[in-house]
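Student: I should like a close look at a single part of this predicted model. Please take me through one residue and then through the surroundings of the ligand.

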Amino acid sequence: MSDQQRYTDPEIAAVWRAIRERRDMRHFVPTPLADGALERLVEAAHLGPSVGYMQPWRFIRISDLALRRRMHQMVCAEQAKTAETLSSRREEFLKLKVEGILDCAEVLVVALMPNRERHVFGRRTMPHMDLMSVGCAIQNMWLAARAEGIGLGWVSFFEPQALAELLAMPEGAEPVAILCIGHVPAFYPRPMLEDIGWGQRLGMDEVLFDNGWPAGDRSTPTAY
Ligand SMILES: Cc1cc2nc3c(=O)[nH]c(=O)nc-3n(C[C@H](O)[C@H](O)[C@H](O)COP(=O)(O)O)c2cc1C
């Protein structure tokens, strides 16, 4: 019976609480994580689903301050380049805080493993399912971190090839995320980009369709 499989109401509420209160964090306090916390978060990620069970994720812990500084410079440079491509919202974008690399307790680089072409299970027509799998792993980590009161910020402003070289990655490996992890002054009550007026959550009717794509869909984003 499905009721026997169901979690208890407080357990369900806890899962929903983590989902609702998970935030992308960019403000951190320097307090170190307790022993074992980082390993638990990586374990949460490693328990994630993956196409063909390929487990394409690899995690590199960055404890070297000089490396962190180089990565921070890379992210700032990429943010500036991104700003050049924006027209009306350039100034607003440049004021955004998009990372906490120098402030957080721990930095992880998440990479796709090399030789992924050998895995065809579920990827013949959609090879990017490996990337989707890494996204699932990071989401697991994000939720586990929130439940433990630890903030996580996902940073994607970087040139993958340059970061791969900096971290001596083998041919074919591809960095896809820099994760800033650590204690935070407070979790933002809403997505930071919502709070500052950059965007807002779409309505359910804008993302959930019946039996095909609706005619006259209004959700096409405007350029900025
Ligand atoms: C794949 C991915 C890449 C992201 N890259 C960045 C980033 O480089 N910098 C940043 O500040 N936020 C980044 N974010 C966080 C989003 O801005 C954030 O998830 C979104 O604004 C919604 O806020 P919330 O996560 O607090 O709900 C990224 C999120 C995802 C899923």
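**A strand residue and the ligand site**

Tutor: Glu 106 is placed in strand β2, which covers residues 106–112. In this predicted model, Glu 106 has a relative accessible area of 10% and is therefore buried, the limit for that term being under 20%. The side chain of Glu 106 also has a polar partner: it makes a polar contact of 2.7 Å with the side chain of Arg 61.

We turn now to the ligand. The space that the ligand takes is the largest pocket. Around the ligand stand Arg 22, Arg 23, Asp 24, Arg 26, Val 98, Trp 154, Val 155, Ser 156, Phe 157, Pro 191 and Leu 193. By character, this shell consists of six nonpolar residues, one polar residue and four charged residues.

Several of these residues place N or O atoms at short listed distances from the ligand, and they may be taken in turn. For Arg 22, the side chain is involved: one of its N or O atoms lies 2.9 Å from an oxygen atom of the ligand. For Val 98, the backbone is involved instead, with an N or O atom 3.0 Å from a nitrogen atom of the ligand. Trp 154 likewise contributes a polar backbone atom, and this atom is 3.2 Å from a nitrogen atom of the ligand. As for the surface of the ligand, 610 Å² is exposed when the ligand is taken alone, and the protein buries 73% of that area.

Conventions. Residues numbered from 1 in each chain as written. Predicted model: local features only at pLDDT ≥ 70, side-chain atom pairs only at ≥ 80, totals over all residues. Heavy atoms only, no water. Near = heavy atom within 4 Å. Polar contact = N/O pair within 3.5 Å; in protein donor to acceptor, adjacent residues only side chain to side chain. Areas by Shrake-Rupley, 256 points an atom, 1.4 Å probe, with all protein chains shown as cover. 1 Å grid on protein atoms, 1.4 Å probe; cavity = no way out; pocket = protein on both sides within 12 Å on 5 of 7 lines; lining within 4 Å. Sits in = over half its atoms within 2 Å of the grid points. Nonpolar A, V, L, I, M, F, W, Y, C, P; charged D, E, K, R; others polar. Helix = DSSP H or I, 4+ residues; strand = E, 2+ residues; numbered from the N terminus. Buried < 20%, exposed > 50% of the residue type's maximum accessible area, 1.4 Å probe, protein only.
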